[in-house]
Amino acid sequence: MRAVLSRLAVGGATLLAGAATLLLGPATPAHADTVFIEVNPSTILAGYQVALRGSCGANPNQAKATSTAFGTVTMTPEKGFLIGSATIPSDKKPAGYSVKLTCASGSTATTTVWVISASSTPTKGPNTGGGYLAHHGGGGTALLAGGLAAVAAGGALAFWTARRRREVQL
């Protein structure tokens, strides 16, 4: 009886999955209808080249990427995406520059490219976590010693427990 019920359950699940596939249709990629543009790297030194990647959804035609950082670039379809590249002039001032993709259909997308100068110095990262290291820095030696002490104590406790069990069994 269980075998019959099991077969009925498997058959019912198969029919349900088949019906759902027919009713809902095949899954489509998430980016199929999305219009977007990406700049890689998004932070660049003036005088270097950036890669542009975008999509105009299901529209495989060429599109234009425009920015005051590099002018206008024609992006061409390649493997489902729009691809292009641009060189940031070496005299471009450090700032964030808007990059706008304009599709043949009139759809648009925008992102930002950040141009920095060679003399820019990186800033220290944010204090995160609120713990000891975030405010006092360093402390690695004390933490390492504490960790080793905890491991040694755990090993000693395991040894003592194993030895005590042997004594009780005798």
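**Entry 1: a residue at the end of a strand**

I began with I116, which counts as partly exposed because its relative accessibility is 32%. Here buried means under 20% relative accessible area, exposed means over 50%, and partly exposed is in between, with a 1.4 Å probe and protein chains only. I116 sits in strand β8, residues 108–116. Strands (E, at least two residues) and helices (H or I, at least four) are DSSP runs, numbered from the N terminus.

A note to myself on the source: this is a predicted model, where local features need pLDDT of at least 70, side-chain atom pairs count only at pLDDT 80 or more, and totals for chains, interfaces and linings use all residues. Residues are numbered from 1 along each chain as its sequence is written, and side-chain values use heavy atoms, with hydrogens and water left out.

Which residues join I116 in a nonpolar patch on the surface? I found L45 and Y48, and the three together have about 260 Å² of accessible area. Accessible areas come from the Shrake-Rupley method with a 1.4 Å probe, and for residues only the protein chains shown count as cover. Patches take residues with over 30% relative accessible area and no salt bridge; like charges are joined within 9 Å, and nonpolar side chains (Val, Leu, Ile, Met, Phe, Trp, Tyr) within 5 Å.

**Entry 2: the whole chain**

I stepped back to see the overall plan. The protein chain has three helices and eight strands, and from the N terminus on its elements run α-β-β-β-β-β-β-β-β-α-α. Of its 170 residues, 18% are buried.

**Entry 3: the sheet**

In what order do the eight strands stand in the open sheet? I read β1-β3-β6-β5-β4-β7-β8-β2, with mixed pairing. Strands β1 (35–40) and β2 (43–45) are at the edges with a single partner strand each, so one side of each has no neighbour in the sheet. Neighbouring strands are turned by 30° against each other on average, direction ignored. For such angles, axes are lines fitted to C-alpha atoms (for helices over the stretch in contact), and angles run from 0 to 180 degrees between N-to-C directions. Two strands pair if DSSP finds at least two bridges between them.

**Entry 4: β4 and its partners**

I followed β4 (residues 63–67), which pairs with β7 (residues 95–102) in the antiparallel sense over four bridges. A65 stands opposite L101 in β7, and S67 opposite V99 in β7. With β5, strand β4 pairs in the antiparallel sense over five bridges, and here S67 faces G71. The two strands β4 and β5 form a hairpin with three residues between them.

Which side chains of β4 are buried? They are A63, A65 and S67, which point to one face, while K64 and T66 point to the other and are not buried. I remembered the general pattern: in a regular strand the side chains alternate between the two faces of the sheet.

**Entry 5: β6 and its partners**

I saw alternation in β6 (residues 81–87) too: L82, G84 and A86 point to one face and are buried, whereas F81, I83, S85 and T87 point to the other and are not. Strand β5 (residues 71–78) pairs with β6 in the antiparallel sense over three bridges, with P77 opposite L82. Between β5 and β6 there is a hairpin with two residues in between, and K79 in the turn has a positive phi of about 55°. Strand β3 pairs with β6 in the antiparallel sense over six bridges; V50 has A86 as its bridge partner.

**Entry 6: one salt bridge**

How many salt bridges does the structure hold? I found one. It joins R53 and E38, whose closest N and O atoms are 2.9 Å apart. R53 lies in strand β3 (residues 49–56) and E38 in β1, so the pair ties together parts that are 15 residues apart in sequence. The term needs a side-chain nitrogen of Lys or Arg within 4 Å of a carboxyl oxygen of Asp or Glu. R53 is partly exposed at 31% relative accessible area, and E38 is partly exposed at 35%.

**Entry 7: two last residues**

Is S55, in strand β3, buried or exposed? S55 is buried, with a relative accessible area of 2%. Its side chain reaches the backbone nitrogen of G57 at 3.1 Å.

A46 is in the loop between β2 and β3 and is buried at 19%. I finished with A46 and K93, which are 47 residues apart in sequence but 7.7 Å apart in space, C-alpha to C-alpha.

How values were computed. Polar contact = N/O pair within 3.5 Å; in protein donor to acceptor, adjacent residues only side chain to side chain.
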